[in-house]
Amino acid sequence: MAVQNDKQVQIRPIQKLKIALSSESVREQFRNALQENAGAFIASIIDLYASDTYLQQCDPNLVIMECLKAATLKLPINKQLGFAYVVPYKNSKGQMIPQFQLGYKGYIQLAMRTGQYKNLNAGIIYEGVNVHRDILTGEVVFTGEPTSDKPQGYFAYMELLNGFRKTIYMTKAEIIAHAKRYSKSYGNKNSAWATNFDEMALKAVIRRLLSKYGLLTTEMVTVLTVDRDEDVESEVEAEIEQNANKEIIDIESEEVEEMEETKDVLEEGEQMTLEGPGF
């Protein structure tokens, strides 16, 4: 009696992705976001997925959902352009999970779309350049010429059409401390912090500049929420802890007594009025 062994056909990850992308409901979501450019964007998803073996270990449906975040912001996910990325991370269970991340060029792009920025720039300050920070005005001035190609810090600068200007400068040590505290990916040998530190540093300063002093449009608020490499909640909590009052203000003893006395006076006045002539 012959025994027939059925061989299970293994579907390659790229095929799974294409099958998921062929769904009409998925295509409709990209059409709603990009109109006639939806087809080209979907093709870029396939190219991205096919070129990244780590991303191929992620659930294709999750990859598509992260790519859709870039599509709704109308930002390309091509790695070479540097506007937006979908990066695979390994969670505590050992599973590869894709995450949408914005590059510093993406932040600049979204800000410039408002039409309210006269200038917006970010760059590297190399060793040899003198940095002067005015504590009173917050102004940062750079003088001199670099003496090496080693970065000593990073800056972001903005000027609005109404004349408001602001510069953020962080030393390399400050950037590293910031990354250790707020970035989930820092310390991972395959993360962008390890492979492209300068770009991540520029993103950190431009993000800080725009989140604190820029125009917080709906798009920018969305980005600050979904760009998950930065732990926004922890950053906000740390800022509150740093800047909040260190003493407990007790308003019970004095203010409550004053409120009670005022209430008694008002009630006494109302009673005198009711008992006066004419009643």
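**Strand S6 and the cores**

Trainee: Why is strand S6 (residues 151-160) said to be largely enclosed by the rest of the structure?

Mentor: Bear in mind that we're looking at a predicted model. Buried here means under 20% relative accessible area. Strand S6 counts as largely enclosed because, of its 10 residues, the number buried is 8.

Trainee: OK, and which strand pairs with S6 over 9 bridges?

Mentor: Look for the antiparallel pairing that takes in residues 117-126. One of its bridges links Tyr117 to Leu160 of S6. The strand you want is S3.

Trainee: What about S7, where does Ala156 find its bridge partner in that strand?

Mentor: S7 covers residues 165-171 and runs antiparallel to S6, with 7 bridges joining the two. In S7, the partner of Ala156 is Ile168.

Trainee: Which residue in the hairpin of S6 and S7 takes a positive phi?

Mentor: That hairpin has 4 residues between its strands. The phi in question is near 100°, and the residue is Gly163.

Trainee: Moving to the largest nonpolar core, which helix gives the most to it?

Mentor: This core has 61 residues, and Leu120 and Ile206 are among those with the most contacts inside it. The top contributor spans residues 197-213 and supplies 9 residues: helix H8.

Trainee: And how many residues are in the second, separate core?

Mentor: Its members include Ile125, Val140, Phe155 and Tyr169. The count for this separate core is 5.

Methods:
Residues are numbered from 1 along each chain as its sequence is written. This is a predicted model: local features need pLDDT of at least 70, side-chain atom pairs count only at pLDDT 80 or more; totals for chains, interfaces and linings use all residues. Side-chain values use heavy atoms; hydrogens and water are left out. Buried means under 20% relative accessible area, exposed over 50%, partly exposed in between (1.4 Å probe, protein chains only). Two strands pair if DSSP finds at least two bridges between them. A nonpolar core is a set of buried Ala, Val, Leu, Ile, Met, Phe, Trp, Tyr and Cys residues joined through side-chain atoms within 4.5 Å.
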